[in-house]
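Biologist: I am new to this structure and would like to learn how its features are read. Could you take me through them, beginning with the whole chain and ending with single residues?

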Amino acid sequence: MVSTNKRLIAILMTVPLVLLIPFIAMQFSAEVKWSFRDFVMAGFLLTGLGLGLEFILRKFTTTKTRLLFCLVLFTVFFLIWAELAVGIFGTPFAGS
């Protein structure tokens, strides 16, 4: 149980570290222009991805099942990320 809690803490600590990448890039380049809303949405998506992975690892025991659900989760994550970034599907909540 202790190792799973350490894994969960590591997931939650990784999200802010990943969000530091665009924040630091904004300081050195005019090409990266994230608003506060962008950081909140990215944090929400990354946290959801991490918690989803944690759920899959805790609930499913076979490697095949874990890989299948992780693949589905990553596919959904990347489709949502791409839609928010460039609007590949043209939904109303896509980036402008």
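Modeller: What follows goes from the overall fold to the salt bridges and then to a few single residues. Please keep in mind throughout that this is a predicted model.

Biologist: Which pattern does the chain follow when it is read along the sequence?

Modeller: A fold can be summarised by listing its helices and strands in order. Here the secondary structure comes to three helices and zero strands, and along the sequence the chain follows the pattern α-α-α. The radius of gyration is 16 Å, well over the 12 Å that the globule rule gives for 96 residues, so the chain is more spread out than a compact globule. Taken along the principal axes, the box filled by the C-alpha atoms is roughly 45 × 30 × 15 Å.

Biologist: How many of the residues count as buried, and what does the accessible surface come to?

Modeller: A residue is called buried when its relative accessible area is under 20%. By that cut-off, 21% of the 96 residues of the chain count as buried. The accessible surface of the chain comes to about 7,200 Å², and 75% of this belongs to carbon and sulfur atoms. As for contacts, among those with a separation of 6 or more, 47% are accounted for by residues 24 or more positions apart.

Biologist: How many positive and negative side chains are there, and how far apart do the centres of the two sets lie?

Modeller: The chain has 8 positive and 4 negative side chains, with the centres of the two sets lying 17 Å apart.

Biologist: How many salt bridges does the structure hold, and which residues are linked by them in a network?

Modeller: A salt bridge is read from the distance between a side-chain nitrogen of Lys or Arg and a carboxyl oxygen of Asp or Glu, which has to be within 4 Å. The structure holds two salt bridges, and Arg7, Glu54 and Arg58 are linked by them in a network. In one of them, the side chains of glutamate 54 and arginine 7 meet at 2.8 Å, N to O. Glutamate 54 lies in helix α2 (residues 36-59) and arginine 7 in helix α1 (residues 2-28), so this pair ties together parts that are 47 residues apart in sequence. Arginine 58 also forms a salt bridge with glutamate 54, and there the closest N and O atoms are 2.6 Å apart. Both arginine 58 and glutamate 54 lie in helix α2, where they are four residues apart, about one turn of the helix.

Biologist: Are the members of this network buried or exposed?

Modeller: Glutamate 54 counts as buried at 4% relative accessibility, whereas arginine 7 is partly exposed, with a relative accessible area of 31%. Arginine 58, at 38% relative accessibility, counts as partly exposed.

Biologist: Where is aspartate 38 found, and how far is it from alanine 85 in space?

Modeller: Distance along the sequence and distance in space are read separately. Aspartate 38 is found in helix α2 and counts as partly exposed at 33% relative accessibility. Aspartate 38 and alanine 85 are 47 residues apart in sequence, and their C-alpha atoms are 9.3 Å apart in space. Alanine 25, in turn, is found in helix α1, and its C-alpha is 19 Å from that of valine 86, with their positions 61 residues apart in sequence.

Terms used: Residues numbered from 1 in each chain as written. Predicted model: local features only at pLDDT ≥ 70, side-chain atom pairs only at ≥ 80, totals over all residues. Heavy atoms only, no water. Helix = DSSP H or I, 4+ residues; strand = E, 2+ residues; numbered from the N terminus. Rg over C-alpha atoms; globule rule 2.2 N^0.38 Å. Buried < 20%, exposed > 50% of the residue type's maximum accessible area, 1.4 Å probe, protein only. Contact = heavy atoms within 4.5 Å. Areas by Shrake-Rupley, 256 points an atom, 1.4 Å probe, with all protein chains shown as cover. Lys, Arg positive; Asp, Glu negative; His and termini not counted. Charge placed at Lys NZ, Arg CZ, Asp CG, Glu CD.
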